[in-house]
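Open the model in your viewer and keep the selection panel handy. We will go from stop to stop, with something to pick at each one.

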Amino acid sequence: MNKIDRLNNLPDPILHHILSFLSTREAVRTCVLAKRWVNLWASLPSLVLDSKGNESKFEHFVNRLFCLREYSHIDSFKISCNAGPKILKPWLLHVLALRPRSLSVVSSILPVALPVSVFRCESLEELMLDVPYPGIEPIPALRPKSISLSRLRRLVINAW
């Protein structure tokens, strides 16, 4: 009986689509499946990162992820964490340099952690922010001096 490995023979875009149903952490873990999968996660066009309350391990994971990931375009990036501005800002700057079409940020320290370049990212078509300051005057970090989001089609700001 001749075994044919059809899964590993699929093109990268289809494998990326399959991996898109997993969290980024789970997608990285697929590197142990076969040689073909070792670096597949490193070119995923969509990253979904959630600290799930464990900020120190999460920070280490994300830093390693960005060090090992190929410097290629990111289609969408979603992050949910409570990392401080000194940690979150560099991550967002790194992602913005990869020209994402969709950016979603959920953080209790969001306004002070947003780099101004979020409001100048010409590639963004969708921007979703979870802002933890309902009912108060927006702080200056949420009022950039200039905004240039020419491709933006969808803006979602959730206050909680």
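**First stop: Arg-99**

Select Arg-99 to begin: at 42% relative accessibility, this residue counts as partly exposed, because that label covers the range from 20% to 50%. Arg-99 sits in the loop between H4 and S3. Check its backbone torsions too, since phi is positive here, about 55 degrees, although Arg-99 is not a glycine.

**Back one step, to helix H4**

Now select residues 85-97, which form helix H4. How far apart are the end C-alpha atoms of H4? They lie 18 Å apart, and this agrees with the span of 18 Å that 13 residues should give at 1.5 Å a residue. Next, highlight Leu-88, Trp-91, Leu-92, Val-95 and Leu-96, which are buried in H4. Turn the view to look down the axis of H4: its buried residues fall within an arc of 135 degrees, so they line one face of the helix. Just after H4 you meet Arg-99 again, with its positive phi.

**The whole chain, colored by confidence**

Zoom out and remember that this is a predicted model. Color by pLDDT: the average over the protein chain is 83, and 88% of the residues score at least 70. Which element has the lowest mean pLDDT? Among the elements of the chain, that is helix H5 (residues 110-113), with a mean of 63, while strand S3 (residues 102-106) has the highest, 93.

Switch to a cartoon and you can count five helices and five strands. Followed along the sequence, they give the pattern α-α-β-α-β-α-β-α-β-β. Of the 160 residues in the chain, 38% are buried.

**A pocket to explore**

Rolling a probe the size of a water molecule over the atoms shows where empty space is left. For the second largest pocket, select Ser-23, Arg-25, Val-48, Leu-49, Asp-50, Ser-51, Lys-52, Asn-54, Lys-57, Phe-58 and Phe-61, the residues that line it. Strand S1 (46-50) and helix H3 (55-68) are the elements that give two or more residues to this lining. The space in the second largest pocket is about 230 Å³. By class, its lining has four nonpolar, three polar and four charged residues.

**A cavity**

How many cavities of 30 Å³ or more are there? The count comes to one. To find the largest cavity, select its lining: Leu-19, Ser-20, Leu-22, Ser-23, Thr-24, Leu-44, Ser-46 and Val-48. About 50 Å³ of space lies inside the largest cavity. Its lining has four nonpolar and four polar residues, and no charged ones.

**Thr-30**

Keep Leu-19 selected and add Thr-30: the two are eleven residues apart in sequence, and their C-alpha atoms are 8.7 Å apart in space. Thr-30 belongs to the loop between helix H2 (24-29) and S1. Is Thr-30 buried or exposed? At 9% relative accessibility, Thr-30 counts as buried.

**Last stop: Glu-122**

Finally, pick Glu-122, in the loop between H5 and strand S4 (126-131). With 28% relative accessibility, Glu-122 counts as partly exposed. Then add Arg-151 and draw a distance between the C-alpha atoms: the two residues are 29 apart along the chain, and the separation is 6.4 Å.

Notes: Residues are numbered from 1 along each chain as its sequence is written. This is a predicted model: local features need pLDDT of at least 70, side-chain atom pairs count only at pLDDT 80 or more; totals for chains, interfaces and linings use all residues. Side-chain values use heavy atoms; hydrogens and water are left out. Helices (H or I, at least four residues) and strands (E, at least two) are DSSP runs, numbered from the N terminus. The expected span of a helix is 1.5 Å times one less than its number of residues. Buried means under 20% relative accessible area, exposed over 50%, partly exposed in between (1.4 Å probe, protein chains only). The arc is that of the directions from the helix axis to the C-beta atoms. On a 1 Å grid over the protein atoms alone, a cavity is a set of points where a 1.4 Å probe fits but cannot get out, and a pocket is an open set with protein on both sides within 12 Å along at least five of seven lines; lining residues have an atom within 4 Å of a point. Grid points are joined across faces, edges and corners, and a volume is the space filled by probe spheres set on the points. Ala, Val, Leu, Ile, Met, Phe, Trp, Tyr, Cys and Pro count as nonpolar, Asp, Glu, Lys and Arg as charged, and the others, Gly among them, as polar. pLDDT is the predictor's confidence in each residue, from 0 to 100.
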